[in-house]
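Thanks for coming, everyone. I'll put the structure up now, and then we can walk through it together.

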Amino acid sequence: MPVTVLLVDDEPLVRAGLRAVLEAQPDIEVAGEAADGAAVIPLVRRLRPDVVALDVRMPLLDGIEATRALLRTVADPPKILVVTTFENDEYVYEALRAGADGFLLKRARPAEIVHAVRLIAEGESLLFPASVRQLAAEYGEGGGNRAARAALERARLTDREGEVLRLMARGLSNAEIAARLVVGTETVKSHVSAVLAKLGARDRTQAVITAYESGYVAPG
């Protein structure tokens, strides 16, 4: 089955460009389009896309609020890929904190756009880990976020789970973590699932942000 994508951007040219790039791939299908975040929830409920590519800045409902609303109101929500003009943008970091799974620059090359959609859909790696690390270093409260620290304390991760979380923060995939720890991929998947469950994180991105904001992992 192809990965289905909903495109949400107030610029028609951006939507057209993304559609052209994605629909050139045999394993990706654009399920629909919208010009504002306010249209996301009804379209997601009707189309059930795997990924929503969502502009972070829109006139009525921006990508941050649309992400929050989507995760709050839709059961089994799709993956959320924030699309932005600027990489080092506090809006992007707030969208990731709100629950977005990753972000993509509008000036990205076609191959990067396709890679981002596939990676987000698979959910087994962190998208652009160096950029997430830089955003956390600038906007992540220097490890002093009380809620994040409390989440880490409650989680009571085992030594191995903590090691897996640190490797996740470096951007390693499940297969790469398995090779580093000399264990099977299924074992790593079990550890990742345990880390997410203990932290109450929706995905790897949210777990890594919690690790950075609590000071458990240094983003620098």
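Let me start with arginine 48, which counts as partly exposed because its relative accessibility is 39%. Keep in mind throughout that this is a predicted model. Arginine 48 sits in the loop between α2 and β3. What does its phi look like? Arginine 48 has a positive phi of about 50°, and it isn't a glycine. For background, most residues other than glycine have a negative phi.

There's another residue like that on my list, aspartate 76. Its phi is positive too, near 50°, and again the residue is something other than glycine. You'll find aspartate 76 in the loop between α3, residues 63-73, and β4, residues 79-84. Buried or exposed, then, for aspartate 76? It counts as exposed, because its relative accessibility is 65% and the cut-off for exposed is over 50%.

Okay, on to the sheet. It's an open sheet of 5 strands, the order is β2-β1-β3-β4-β5, and the pairing is parallel. Which strands are at the edges? Those are β2, 28-34, and β5, 102-105, each of which pairs on one side only. From one strand to the next, the twist averages 25°.

Let's zoom in on one end of that order. Strand β1, residues 3-8, runs parallel to β2, and 6 bridges join the two. If you want a spot to click on, threonine 4 stands opposite glutamate 29 in β2. Now look at what lies across this pair: helix α1, residues 12-23, lies across β1 and β2 and runs at about 165° to β2. Helix α2, residues 40-47, packs on the sheet as well, where it touches β1, β2 and β3, the last of these being 51-55. The direction of α2 makes about 160° with that of β1.

Moving along the chain, here's threonine 85, in the loop between β4 and α4. With a relative accessibility of 39%, threonine 85 counts as partly exposed. Leaving out residues up to four places away in sequence, what does threonine 85 touch? The answer is Leu105, Lys106 and Arg107. For a sense of scale, threonine 85 and glutamate 186 are 101 residues apart in sequence and 37 Å apart in space, C-alpha to C-alpha.

Next up is α4 itself, which covers 90-98. Its buried residues are Val92, Tyr93, Ala95, Leu96 and Ala98. What do they pack against? Quite a list: α3, β4, β5, α6, which is 129-139, and α11. Right after α4 comes glycine 99, with a positive phi near 130°.

That mention of α11 takes us to threonine 205, which is in that helix, residues 204-214. Threonine 205 counts as buried because its relative accessibility is 4%, and the cut-off for buried is under 20%. Leaving aside neighbours within four places in sequence, threonine 205 is in contact with Leu96, Ala100, Asp101 and Leu126. Leu96 should sound familiar, since it's one of the buried residues of α4.

Last topic: pockets. The largest pocket has a volume of about 280 Å³. It's lined by 15 residues, and those nearest its centre are Arg97, Gly200, Gln206, Ile209 and Thr210. Where does the lining come from? α4, α7, which is 146-155, and α11 each supply at least two residues, and α11 gives the most, with 4. By type, the lining of the largest pocket divides into 7 nonpolar, 5 polar and 3 charged residues.

Then there's the second largest pocket, with about 240 Å³ of space. It has 18 lining residues, and the closest to its centre are Glu122, Gly123, Glu124, Leu196 and Arg204. Two or more residues of that lining come from each of α5, 110-122, α10, 185-199, and α11. Which element gives the most here? That's α10, with 4 residues. The lining of the second largest pocket divides into 6 nonpolar, 5 polar and 7 charged residues.

So if you take one helix away from this, take α11: it holds threonine 205, it gives the most to the lining of the largest pocket, and it also gives two or more residues to the lining of the second largest. That's it from me, happy to rotate the view if anyone wants another look.

Technical notes:
Residues numbered from 1 in each chain as written. Predicted model: local features only at pLDDT ≥ 70, side-chain atom pairs only at ≥ 80, totals over all residues. Heavy atoms only, no water. Buried < 20%, exposed > 50% of the residue type's maximum accessible area, 1.4 Å probe, protein only. Contact = heavy atoms within 4.5 Å. Pairing = 2+ DSSP bridges. Axes fitted to C-alpha atoms, helices over the stretch in contact; angles between N-to-C directions. 1 Å grid on protein atoms, 1.4 Å probe; cavity = no way out; pocket = protein on both sides within 12 Å on 5 of 7 lines; lining within 4 Å. Points joined across faces, edges and corners; volume = space filled by probe spheres on them. Nonpolar A, V, L, I, M, F, W, Y, C, P; charged D, E, K, R; others polar.
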